[in-house]
Amino acid sequence: MGKSNSVGKLQNMINLSFEKEEAQSGQTLIGMVSIIYEGRFDSVSINSQIEDSSDVFSYIELQGKKINHPYARLSIMKKEIINPREIKFKVFTQHEPDNDTSIVKFRATLIQEHKEIGSDVKFIQIKK
């Protein structure tokens, strides 16, 4: 029981959310990371993994600024975060599901001195 409590506690330090819970190939998804943690941290990492695929989501906007980051992981140093409590971003993928739907796991992680101190996971569906 203690383990599940500690996981819940970690997840309460950071919250990952999306405007939609599903998308189609080539469609932009808008996400937000809210930082609830009041203590010190060095960076935030956002990862995406499309299950049963080597395809990735590309990060195309961060805090209203256009970026070109075609990799599954985006690391953001604290000094780059304009509002220290929220990070807005946009992503997209050209992934086409083999079946009707592919599942994507997004994970936001709060990092302090190379250690994970909090995280949150959300699942998104890519529909044909």
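## A guided tour of the predicted chain

Begin with the protein chain as a whole in a surface representation: about 7,800 Å² is exposed, and carbon and sulfur atoms supply 48% of that area. The model in the viewer is a predicted one. Of the 128 residues in the chain, 35% are buried.

**The whole chain**

Switch to a cartoon view. The secondary structure amounts to one helix and 10 strands, and along the sequence the order reads α-β-β-β-β-β-β-β-β-β-β. The radius of gyration is 15 Å, close to the 14 Å that the globule rule gives for 128 residues, so the chain is as compact as a globular protein of that length. With the C-alpha trace displayed, the extent along the principal axes is about 40 × 40 × 25 Å.

If contacts are drawn next, consider those between residues at least 6 apart in sequence: 68% of them join residues at least 24 apart. For the charges, select the 18 positive and 17 negative ones; their mean positions lie 7 Å apart.

**Strand E5 and its partners**

Select residues 58-62, which form strand E5. This strand is mostly covered, with four of its five residues buried. Add residues 86-92, strand E8, which pairs with E5 in the antiparallel sense through four bridges. Then add residues 65-69, strand E6; here the pairing with E5 is again antiparallel, over three bridges.

Glu-61 is a useful residue on which to centre the view. Which residue of E8 is the bridge partner of Glu-61? It is Lys-90. In E6, Glu-61 stands opposite Lys-66. Move from there to the hairpin of E5 and E6, where two residues lie between the strands. Gln-63 in this hairpin adopts a positive phi near 55°.

**Strand E9: Ala-108**

Select residues 101-112, strand E9, and pick out Ala-108 within it. Is Ala-108 buried or exposed? Its relative accessible area is 0%, so Ala-108 counts as buried. Show the residues that Ala-108 touches beyond four places in sequence: Ile-14, Leu-16, Val-33, Ser-45, Ile-46, Gly-118, Ser-119 and Asp-120. One of these, Leu-16, merits a distance label: its C-alpha atom is 6.3 Å from that of Ala-108, although the two residues are 92 apart along the chain.

**Strand E9: Gln-112**

Remain in strand E9 and select Gln-112. At a relative accessible area of 19%, Gln-112 is classed as buried, because the cut-off is under 20%. Setting aside neighbours within four places in sequence, Gln-112 is in contact with Tyr-37, Arg-40, Phe-41, Asp-42 and Ile-117.

**Strand E10: Val-121**

Finally, select residues 115-127, strand E10, and centre on Val-121. With a relative accessibility of 24%, this residue is counted as partly exposed. Where does the backbone of Val-121 lie with respect to Ala-108? The C-alpha atoms of Val-121 and Ala-108 are separated by 6.6 Å, and the residues are 13 apart along the chain. Display the contacts of Val-121 to close the tour: apart from residues up to four places away in sequence, Val-121 touches Lys-105, Phe-106 and Arg-107.

Conventions:
Residues are numbered from 1 along each chain as its sequence is written. This is a predicted model: local features need pLDDT of at least 70, side-chain atom pairs count only at pLDDT 80 or more; totals for chains, interfaces and linings use all residues. Side-chain values use heavy atoms; hydrogens and water are left out. Buried means under 20% relative accessible area, exposed over 50%, partly exposed in between (1.4 Å probe, protein chains only). Contact means heavy atoms within 4.5 Å. Two strands pair if DSSP finds at least two bridges between them. The radius of gyration is taken over C-alpha atoms; the globule rule is 2.2 Å times the number of residues to the power 0.38. Accessible areas come from the Shrake-Rupley method with a 1.4 Å probe; for residues, only the protein chains shown count as cover. Lys and Arg count as positive and Asp and Glu as negative; His and the chain ends are not counted. The place of a charge is taken as NZ of Lys, CZ of Arg, CG of Asp or CD of Glu.
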